[in-house]
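Please walk me through this structure, taking strands, aromatic rings and empty spaces in turn.

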Amino acid sequence: MKKRYSVKSLEEMPITAISFLTTEGNETGEWRSQRPVLDLEKCNRCGLCWMYCPDNAIRSEESSFQISYKYCKGCGICASECPKGAILIVKEKR
Amino acid sequence: MKKVISGNQSVSHAVLAAKAQVIAAYPITPQSSIVEMLAGFCADGKLQAKFINVESEHSAMAACISASVTGARTFTATSSQGLALMHELLHYASGLRLPIVMANVNRALGSPFNLKADLSDSLSQRDTGWLQFYCESGQEVFDTIIQAYWISEQVLLPAMVNLEGFILSHTYEIVDVPEQREIDHFLPPSLPRDCLDVENPCLFGGTTDFYINFRYKMHEEMQRAKVVCQECDAHFQRAFGRSYGLIQPHRCEDADLILVTAGTLAGTCCVAADQYRERGVKVGVLRVRLFRPFPGEEICCALRNARKVAVIDRDFSPGCGGIFAQEIKSVLQGKDPLPVYEFIAGLGGKDVTDEDIGRVIDQTYQTPEPGGVTWIGLLK
């Protein structure tokens, strides 16, 4: 993963704030203060969490769903939408 | 070719001559006829530009920013409330270092609702990082639009060309529109920016800890823009035989009293100054053409022989005074004490006559010390 800028002096500064990454380079998971944990036993694969996640941080895998902690900001919408109570919100520890 | 056209038509002809590639605008009086004419040029195939109709001035600037990022030569025009609605994105345009050119037809901001000339709309955008020019004639409007593209594409900062609503925008004058090949020679096509590449997507203006450094670089380039404006003006002089400078002094060399103003008020001031000269009163006029970057040194130099200065503002900052007066006092700070008398006149397009200017001159001569702001044309 490229760092956005590694400039050491004003002279080396690019003219505008450009990063040669897409928004995939913004690892918003760093912002999280609480973490959703998915209990696959309770999950019925309805996909509501995947539909409601505002950051596309829930991926649809072949037979289940997976939360990407690289991008999940911990908003908790998935947990409140889950009809099975399969997503538990726990305090983030770093 | 000489044409009899309005100030607004002068803008449209200049944008046609500059071969703008993307135009996005929303109508507002007294600007509308600029983009109406440009839409006509596009429809007739005279101008090979993408004309984008948008639902607001905010979107107009958003469209210009997006187009400019690809390196397209872009244009928009607005006035007053429309410019105020663009405010947020004006910062983005300069922060992304995009050479967008905009014509702003100065109009008073509400309330009360008013359609006429007042410079407070563009001066409220003072700190957005746009170059600001204030014009006095239809010819200067044409020439300044062409110069603005030249300068902006050098310093990579956006430029706003201001002309007063109705007084200049709707007044017909003779404007010499140069041959297209002469304009093409002076203003070659803009180069695409090498950063936008669909194969290698990138993120513009994202979060960065280097914010202060970007702002510093912008300021540094803004300072350099003064030199670039002068270079441009010299090239323009060689190509077309006309130049304007950053400031325009009229009989300032030996003047005891210098009137400082911007835009069309300068013409009336010159008439009044000449009348006083005939009576042996040494009055000069200094018109500030470039407001951002502010030509402080040039102004100090032009005022150096004066004993008194009177600044006449068609704009004001409530609770403080005229905006040009503040800037003039700020650049004179620390120099030989030169009393600055402050006048506010012509707000909301109120007519300012040579007699009004005469009262400014008389009052400045007769008052030993400046004391607060004098408003011209108030009810008794």
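Which residue stands opposite B:Thr74 in E4(B)? The partner is B:Val22. Before going further, note that this is a predicted model, in which local features need pLDDT of at least 70, side-chain atom pairs count only at pLDDT 80 or more, and totals for chains, interfaces and linings use all residues. Residues are numbered from 1 along each chain as its sequence is written, chains are lettered from A and ligands numbered from 1 in the order in which they are written, and side-chain values use heavy atoms, with hydrogens and water left out.

Helices (H or I, at least four residues) and strands (E, at least two) are DSSP runs, numbered from the N terminus. Two strands pair if DSSP finds at least two bridges between them. B:Val22 and B:Thr74 belong to such a pairing: strand E2 (residues 22-25) of chain B runs parallel to E4(B), with 2 bridges joining them. E4(B) is also joined to strand E5 (residues 101-106) of chain B, by 4 bridges and again in parallel. Here B:Thr76 has B:Met102 of E5(B) opposite. Between E4(B) and E5(B) the chain passes through helix H4 (residues 80-95) of chain B, and this β-α-β crossover is right-handed. Right-handed means that, with the strands pointing away from the viewer, the path from the first strand over the helix to the second runs clockwise.

The term buried stands for under 20% relative accessible area, exposed for over 50%, and partly exposed for values in between (1.4 Å probe, protein chains only). Strand E4 (residues 74-78) of chain B is largely enclosed by the rest of the structure, because 5 of its 5 residues are buried. B:Thr74, B:Thr76 and B:Thr78 point one way, while B:Phe75 and B:Ala77 point the other way.

Further along chain B, strand E6 (residues 131-134) is likewise covered on both faces. B:Leu131 and B:Phe133 lie on one side, B:Gln132 and B:Tyr134 on the other, and all are buried. E6(B) pairs in the parallel sense with strand E7 (residues 159-164) of chain B over 4 bridges, and B:Phe133 stands opposite B:Val161 in that pairing. Helix H6 (residues 138-155) of chain B completes a right-handed β-α-β unit with E6(B) and E7(B). E6(B) also has an antiparallel partner, strand E13 (residues 290-292) of chain B, joined by 2 bridges. There, B:Gln132 has B:Arg292 as its bridge partner.

Aromatic side chains come next. Rings of Phe, Tyr and Trp (its six-membered ring) pair if their centres lie within 6.5 Å; planes under 30 degrees apart count as stacked, over 60 as edge-to-face and the rest as tilted. Over all chains, 10 aromatic pairs are found. In one of them, the rings of B:Phe186 and B:Phe236 have centres 5.3 Å apart and planes at 90 degrees, so the pair is edge-to-face. This pair links distant parts of the chain, 50 residues apart: B:Phe186 is in helix H7 (residues 180-186) of chain B and B:Phe236 in helix H8 (residues 211-240) of chain B. B:Phe186 counts as buried at 8% relative accessibility, and B:Phe236 counts as buried at 1%. B:Phe291 and B:Phe294 form an edge-to-face pair too, 5.7 Å centre to centre with 80 degrees between the planes. Both B:Phe291 and B:Phe294 are buried. Ring pairs link these two with B:Tyr134 and B:Phe324 into a cluster.

That leaves the empty space. On a 1 Å grid over the protein atoms alone, a cavity is a set of points where a 1.4 Å probe fits but cannot get out, and a pocket is an open set with protein on both sides within 12 Å along at least five of seven lines; lining residues have an atom within 4 Å of a point. Grid points are joined across faces, edges and corners, and a volume is the space filled by probe spheres set on the points.

The whole structure has 3 cavities of 30 Å³ or more. The largest has a volume of about 110 Å³. It is lined by 14 residues, and A:Cys53, A:Pro54, A:Cys72, A:Gly74 and A:Cys75 are the closest to its centre.

The second largest pocket holds about 310 Å³ of space. Of its 15 lining residues, B:Gly95, B:Leu96, B:Gly205, B:Tyr211 and B:Arg215 are the closest to the centre. H8(B) supplies the largest share of this lining, 4 residues.
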